[in-house]
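The following exercises concern a pocket and a helix pair. Please examine the sequence and the model before reading each solution.

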Amino acid sequence: MSVWVPPWRSDVHGEADLVEEVTRIYGFNEIPSVAMANPSPVARAVLTAGQRRERDAKRVLAGRGLIEVVTWSFTSTGLAKYFGDPKAELNLANPISSDLNVMRPSLLANLLGACGRNFDRGESQIALFEVGAVYEGVSPDDQRIVASGLRHGRNAARHWAGDERNVDAFDAKADVMAVLEAAGTPLEATQTVAKAPDWYHPGR
């Protein structure tokens with residue numbers, strides 16, 4: 001069949017668009033509903049293991065009182081340098097802003113920026129987290145999904161079970177252990193080591 005499309009119908013490009021036009025004229029209510037063939041009688045998981053871990057990490061951290069933030073996948077060169085000197089190929093050729101010109105090497109860079117914006121608005125009790133991608137290079141293997149969190153201030157505004165106190169390393173450790181447990185990590189086999197990136201404060 002040869003079909004000529006009027007010049008004012010710029011939305012019609014191919015066979016599917018023609019089928020839609022015929023169906024619309026014929027009437028959508030005239031088309032019977034037919035179930036698609038199911039090759040397997042048992043429903044398979046929709047999410048991959050990595051996607052499930054990502055979802056579970058978000059749920060656990062939100063359940064522990066942290067607020068999820070979603071920041072840009074890029075940051076400023078000045079901030080990125082605090083978290084390891086980013087490779088030159090991570091610089092953006094056409095950034096949307098001069099202070100968002102490199103792919104982020106760490107989630108902490110943008111989390112600290114979000115923390116600063118909260119400070120500027122008079123908020124002193126901060127508990128934020130993000131689960132997202134960080135970039136160490138331009139190949140797919142150089143992109144990792146990580147979870148990072150940040151706490152500052154008091155542990156709770158007011159609580160019936162006790163007095164409020166400043167958050168400390170044990171609160172951070174409890175957050176980490178909860179995420180690892182949700183991801184299926186055997187906690188009894190985990191170890192804490194003193195090795196850390198150079199940008200961490202030595203001994204802290």
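Residues are numbered from 1 along each chain as its sequence is written. The model is predicted: local features need pLDDT of at least 70, side-chain atom pairs count only at pLDDT 80 or more, and totals for chains, interfaces and linings use all residues.

**Exercise 1.** Determine which element gives the most residues to the lining of the largest pocket.

*Solution.* Step 1: a pocket is an open set of points on a 1 Å grid where a 1.4 Å probe fits, with protein on both sides within 12 Å along at least five of seven lines; lining residues have an atom within 4 Å of a point. Step 2: helix H4 (107-120), strand E4 (126-135), strand E5 (143-152) and helix H5 (169-182) each give two or more residues to this lining; helices (H or I, at least four residues) and strands (E, at least two) are DSSP runs, numbered from the N terminus. Step 3: H5 gives the most, with 9 residues.

**Exercise 2.** Describe how helices H2 and H5 pack.

*Solution.* Step 1: H2 (residues 49-63) and H5 pack at an angle of about 145°, their axes 9 Å apart; axes are lines fitted to C-alpha atoms over the stretch in contact, and angles run from 0 to 180 degrees between N-to-C directions. Step 2: Asp 56, Ala 57, Val 60 and Leu 61 in H2 meet Asp 175, Ala 178, Val 179 and Ala 182 in H5, where contact means heavy atoms within 4.5 Å. Step 3: the contact residues divide into 6 nonpolar, no polar and 2 charged; Asp counts as charged, whereas Ala, Val and Leu count as nonpolar.

Definitions and conventions: Heavy atoms only, no water.
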